[in-house]
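The exercises below are meant to be worked through with the sequence and the coordinates at hand. Each one sets a task and is followed by a solution in steps.

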Amino acid sequence: MNKTSIKNTLNLLNLYKESGVDELISSRPKNRTVRKKDYVSKKMQKSDEMNSAKVSEEINLEGINTLEELKHKMSTFQGCQLYKSATNMVFSDGNPKSKIMLIGEAPGHDEDLQAKPFVGRSGKLLDKMLEAIDLNREKVYIANIIPWRPPANRRPTEDEINSCLPFILKHIEIIKPSALMLLGSTATFAILRNKEGISKIRGKWVDLKINQMTIPTMPTFHPAFLLRQPGQKKHVWTDLQSLRDKIKQK
Ligand code: URA
């Protein structure tokens, strides 16, 4: 390093310090001296590699008929890169014999550590919501669209959703619920491919057809959204009552 670059580096570090940056978020140094053109081409190369990984990892679920077989298949799947940064795969919780299946988006921090869906703050609210219609974890079955935590709890990308979709569809097929509730816009879009937003279609029953089965399915707001917008809880209360009525008819 010559004198000028040392001075520039010190200036940069001072700037970081003054802005309150006191921690590195990567254990590997990043080469910021590389020319933009090289960087872009490397990035494109990387995304090509990822796409080819995706293509080569076709999911064959033929012969998968039980939860154990499905869980094993998912645990060896490498077509969705999220498994690399996750601590655990989060498969499901609750009663596999339940008539009700709930599907969320993806695990967060607590779920990733405990390998169980909905155990963090939104999970606590979900438990309260279930309690309000006399349900609990022993009476419902819960899974997510994506079984691995996206870094920093970001939303899963469309590619990630599509690569994991066959698993959750198989999961529904194995559980055969009498009613399915989709928690939030990601789960709703993944399963229903709706054009309208969640506010428009929440609370409405639609028939989901999977492998000659027809499953009454209702989207509702995600508990994490309700934590940010408690005023919307009244809508979910109506949706839960409708779920309770639906199950009574079965
Ligand atoms: N949010 C989800 O959608 N799923 C979880 O398991 C936890 C939080």
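**Exercise 1. Pairing around strand S2**

In which sense do strand S2 and strand S3 pair, and over how many bridges? Find also a residue pair that stands opposite across these strands.

*Solution.* The model is a predicted one, and the solutions should be read with that in mind. Begin with the residue ranges: strand S2 covers residues 100-104 and strand S3 covers residues 141-144, and the two pair in the parallel sense over four bridges. Next, look for a pair in register, where Gly104 stands opposite Asn144 in S3. Then turn to S4, which runs parallel to S2 and is joined to it by four bridges, with Ile100 standing opposite Ala179 in S4.

**Exercise 2. The order of the sheet**

Extend the pairing to the whole sheet: what is the order of its six strands, and is the pairing mixed? Identify the edge strands as well.

*Solution.* The six strands form an open sheet with the order S1-S3-S2-S4-S6-S5, and the pairing is mixed. The edges are strand S1 (93-94) and strand S5 (206-210), each of which pairs on one side only. To see both senses of pairing, take S4 and S6, which run parallel and are joined by four bridges, and then S5 and S6, which pair in the antiparallel sense over five bridges. In register across S4 and S6, Leu180 stands opposite Thr217 and Leu182 stands opposite Pro219, while across S5 and S6 Leu208 stands opposite Ile215. The hairpin of S5 and S6 has two residues between the strands, and in it Asn211 takes a positive phi near 45°.

**Exercise 3. The environment of strand S4**

Decide how many residues of S4 are buried, and state which of them point one way and which the other.

*Solution.* Five of the five residues of S4 are buried, and the strand is mostly covered. Ala179, Met181 and Leu183 point one way, whereas Leu180 and Leu182 point the other way. For the surroundings, consider the helices that lie across the sheet: helix H7 (residues 185-192) lies across S2, S4, S5 and S6 and runs at about 125° to S4, and helix H10 (residues 233-248) lies across S2, S4 and S6 and runs at about 160° to S6.

**Exercise 4. Two strand residues compared with the burial cut-off**

Using the cut-off of 20 or more other C-beta atoms within 10 Å, classify Met218 and Asn144, and list their contacts beyond four places in sequence.

*Solution.* Met218 lies in strand S6, and it is buried because 21 other C-beta atoms lie within 10 Å. Leaving aside neighbours within four places in sequence, Met218 is in contact with Met181, Gly203, Lys204, Trp205, Asp239, Ser242 and Leu243. The C-alpha atoms of Met218 and Val206 are separated by 6.4 Å, although these residues are twelve apart along the chain.

Asn144 lies in strand S3, and it is buried because 28 other C-beta atoms lie within 10 Å. With the same neighbours in sequence left aside, Asn144 is in contact with Val90, Ile103, Gly104, Glu105, Ala106, Pro107 and Pro117. Asn144 and Leu183, which are 39 residues apart in sequence, are 9.2 Å apart from C-alpha to C-alpha.

**Exercise 5. A pair of helices**

At about what angle do helix H3 and helix H6 pack, and how far apart are their axes? Describe the residues that make the contact.

*Solution.* Helix H3 (residues 67-75) and helix H6 (residues 158-175) pack at an angle of about 170°, with axes 10 Å apart. Angles over 145 degrees count as roughly antiparallel, and H3 and H6 are therefore roughly antiparallel to each other. H3 contributes Leu67, Leu70 and Met74 to the contact, and H6 contributes Phe167, Lys170, His171 and Ile174. These residues divide into five nonpolar, one polar and one charged.

**Exercise 6. The ligand shell and the chain**

Which residues come nearest to the ligand, and how does the shell around the ligand divide by residue character?

*Solution.* There are 13 residues around the ligand, of which Gly104, Glu105, Glu111, Pro117 and Phe118 come nearest. The shell divides into five nonpolar, six polar and two charged residues. For the chain, the secondary structure comes to ten helices and six strands, and buried residues make up 32% of the 250 residues. Among contacts between residues at least 6 apart in sequence, 71% join residues at least 24 apart.

Terms used. Residues are numbered from 1 along each chain as its sequence is written. This is a predicted model: local features need pLDDT of at least 70, side-chain atom pairs count only at pLDDT 80 or more; totals for chains, interfaces and linings use all residues. A residue is near a molecule or strand if its C-beta atom, placed from the backbone, lies within 6 Å of it. Ala, Val, Leu, Ile, Met, Phe, Trp, Tyr, Cys and Pro count as nonpolar, Asp, Glu, Lys and Arg as charged, and the others, Gly among them, as polar. Axes are lines fitted to C-alpha atoms, for helices over the stretch in contact, and angles run from 0 to 180 degrees between N-to-C directions. Angles under 35 degrees count as roughly parallel, over 145 as roughly antiparallel, 65 to 115 as roughly perpendicular and the rest as oblique. Two residues are in contact if their C-beta atoms, placed from the backbone, lie within 7 Å. A residue is buried if 20 or more other C-beta atoms lie within 10 Å of its own, exposed if 12 or fewer, and partly exposed in between; C-beta atoms are placed from the backbone. Two strands pair if DSSP finds at least two bridges between them.
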